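Dear colleague,

I am passing on a structure that you have not worked with before, and below it I set out what was found. Please read the notes with the model open beside them.

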Amino acid sequence: RLDLTEDRLFTLAAGTKEVLRSIDEPIDLRFYYSERLDELGPYFASYANRVDELLAEYQRLSNGKIRVERLDPQPFSPEEDLAVAEGLQGLPVHDDGTQAYFGLSGRNSTDDDEVVAYLAPERGDFLEYDLTRMIYDLSHPEKPVVAVLGDLPLLGNQQNPFNQFEQGKPWLVLDAMFQFFDVRF
């Protein structure tokens with residue numbers, strides 16, 4: 001295998017390869033792509049092809065531990081019902097309210113699940129990261145516990161609404177910590 005693209009689009013990071021090799025139990029992925037999106041032009045089709053090829057590579061490197069099911073949800077079909085039930089975001093494609101789907105759901109052997117409600121082409125630069133994080137979360141459902149000690153208002157502070165660092169919303173670093181750890185204060 002040889003990747004001759006300028007930005008090495010088809011070369012996976014070493015960390016991704018390690019995550020894929022370390023999977024102990026099967027992970028089932030459902031890749032939803034409504035062929036109706038092809039009617040909107042090549043924008044979605046080319047990105048869907050890239051996602052599909054990346055999923056095939058993940059499947060290959062995981063030695064069969066990752067199983068991918070590809071679905072084309074048609075209006076009023078069981079596949080559309082499944083996409084909605086799994087939390088995928090429908091995209092309106094016609095004035096009559098017809099929805100199309102472009103997302104991914106995953107489930108491990110203990111019925112933990114993860115969903116990417118919409119595989120936005122604008123996030124194409126982060127596709128490998130998003131997929132690898134999903135796989136990692138499914139293969140490691142128990143997150144390590146991390147304690148945060150200190151006096152900084154990491155969770156936000158309502159006392160001074162004019163200071164952007166002390167407003168009522170948590171700091172961004174906490175969002176990242178919550179993704180990978182069971183955070184306790």
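Helices and strands are here DSSP runs, with at least four residues for a helix (H or I) and at least two for a strand (E), and they are numbered from the N terminus. Please keep in mind throughout that this is a predicted model.

Counted in that way, the chain holds 5 helices and 7 strands, and, read along the sequence, these elements follow one another in the pattern α-β-α-β-α-β-β-β-α-β-α-β. The C-alpha atoms fill a box of roughly 55 × 45 × 40 Å along the principal axes. Of the contacts in the chain with a separation of 6 or more, 66% are accounted for by residues 24 or more positions apart.

Turning to the surface, the accessible area of the chain comes to about 11,700 Å², and 52% of this belongs to carbon and sulfur atoms. The chain carries 17 positive and 35 negative charges, and the mean positions of these two groups are 6 Å apart.

As for the interior, 34% of the 185 residues count as buried. The largest nonpolar core has 31 residues, of which Leu29, Phe31, Phe102, Leu104, Leu119 and Ile135 touch the most other members. Two or more residues of this core come from each of α1 (14-21), β1 (27-33), α2 (42-61), β2 (66-71), β4 (99-107) and α4 (127-139), and the largest share, 8 residues, is given by α2. If you would like a single residue from which to explore this region, Leu119 touches Phe31, Tyr47, Val51, Phe102, Gly103, Leu104 and Leu127, when residues up to four places away in sequence are not counted.

Finally, two points in the backbone deserve a look. Most residues other than glycine have a negative phi. Asn63, however, which is not a glycine, has a positive phi of about 55°, and its place is in the loop between α2 and β2. Phe76, also not a glycine, has a positive phi of about 60° and lies in the loop between β2 and α3 (78-85).

Are these two residues, Asn63 and Phe76, buried or exposed? Since a residue counts as exposed when its relative accessible area is over 50%, Asn63 is exposed with a value of 68%, and Phe76, at 81% relative accessibility, counts as exposed too.

With kind regards

Definitions and conventions: Residues are numbered from 1 along each chain as its sequence is written. This is a predicted model: local features need pLDDT of at least 70, side-chain atom pairs count only at pLDDT 80 or more; totals for chains, interfaces and linings use all residues. Side-chain values use heavy atoms; hydrogens and water are left out. Buried means under 20% relative accessible area, exposed over 50%, partly exposed in between (1.4 Å probe, protein chains only). Contact means heavy atoms within 4.5 Å. Accessible areas come from the Shrake-Rupley method with a 1.4 Å probe; for residues, only the protein chains shown count as cover. Lys and Arg count as positive and Asp and Glu as negative; His and the chain ends are not counted. The place of a charge is taken as NZ of Lys, CZ of Arg, CG of Asp or CD of Glu. A nonpolar core is a set of buried Ala, Val, Leu, Ile, Met, Phe, Trp, Tyr and Cys residues joined through side-chain atoms within 4.5 Å.
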